[in-house]
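Subject: Structure handover

Hello,

Here is the structure I promised to pass on. Please open it alongside this note. My findings follow below.

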Amino acid sequence: MTQITLSVPDISCGHCKGSIEGAVTPLDGVESAVVAIDERNVAIEYDGSEATMDAIVSAIDEQGYEVAV
Ligand SMILES: [Cu+2]
């Protein structure tokens, strides 16, 4: 299992949290996705053989949030 924390500067409230967690959690291979509103980041645990960073970043992007590099 791989753990990453992605910085998403536009996270500001519970709606953002719900949108991002709701988009990332259902992806194949993703074990968990937890948004920390105050830290503006998403902690994700995933199986690298099933989920890719590209898919995760795209899912966040589709909700209208940009992942900071
Ligand atoms: Cu929000």
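Helix H1 lies across strands S2 and S3. Against S2, H1 runs at about 170 degrees. Bear in mind that this is a predicted model.

Next, the sheet. It is open and has 3 strands. Their order is S1-S3-S2, and the pairing is antiparallel. S1, residues 2-7, is an edge strand, and so is S2. Each of these two pairs on one side only. From one strand to the next, the twist averages 15 degrees.

Look closer at S2 and S3. They pair in the antiparallel sense, with 6 bridges. Two positions help you find your way along the pair. Ala33 has Ile44 in S3 as its bridge partner. Val30 stands opposite Tyr46, also in S3. S2 and S3 form a hairpin with 4 residues between the strands. Check Arg40 in this hairpin: it takes a positive phi near 55 degrees.

Now the two helices. The axes of H1 and H2 come within 9 Å. They cross at roughly 140 degrees. H1 is therefore oblique to H2, because the angle falls short of the range over 145 that counts as roughly antiparallel. The crossing is right-handed.

Which residues of H1 meet H2? They are Ile20, Ala23 and Val24. On the H2 side, the residues met are Ile56, Ala59, Ile60 and Glu62.

That leads to the core. The largest nonpolar core has 15 residues. Val8, Ile20, Val24, Val42, Ile44, Ile56 and Ile60 have the most contacts inside it. Four elements each supply at least two residues of this core:

- helix H1, residues 14-24
- strand S2, residues 30-36
- strand S3, residues 41-46
- helix H2, residues 53-62

As background, nonpolar side chains tend to be buried together in soluble globular proteins.

Ile20 is a good place to start your own tour. What does Ile20 touch, leaving out residues up to four places away in sequence? The list is Val8, Val35, Val42, Ile60, Gln63 and Tyr65. Ile20 also belongs to the H1 residues that meet H2, and to the core residues with the most contacts.

One last pointer: Ile44 turns up twice. It is the bridge partner of Ala33, and it is among the core residues with the most contacts.

Over to you.

Best wishes

Definitions and conventions. Residues are numbered from 1 along each chain as its sequence is written. This is a predicted model: local features need pLDDT of at least 70, side-chain atom pairs count only at pLDDT 80 or more; totals for chains, interfaces and linings use all residues. A nonpolar core is a set of buried Ala, Val, Leu, Ile, Met, Phe, Trp, Tyr and Cys residues joined through C-beta atoms within 7 Å. A residue is buried if 20 or more other C-beta atoms lie within 10 Å of its own, exposed if 12 or fewer, and partly exposed in between; C-beta atoms are placed from the backbone. Two residues are in contact if their C-beta atoms, placed from the backbone, lie within 7 Å. Two strands pair if DSSP finds at least two bridges between them. Axes are lines fitted to C-alpha atoms, for helices over the stretch in contact, and angles run from 0 to 180 degrees between N-to-C directions. Angles under 35 degrees count as roughly parallel, over 145 as roughly antiparallel, 65 to 115 as roughly perpendicular and the rest as oblique. A crossing is left-handed if the near helix is turned anticlockwise from the far one by less than a right angle, and right-handed if clockwise.
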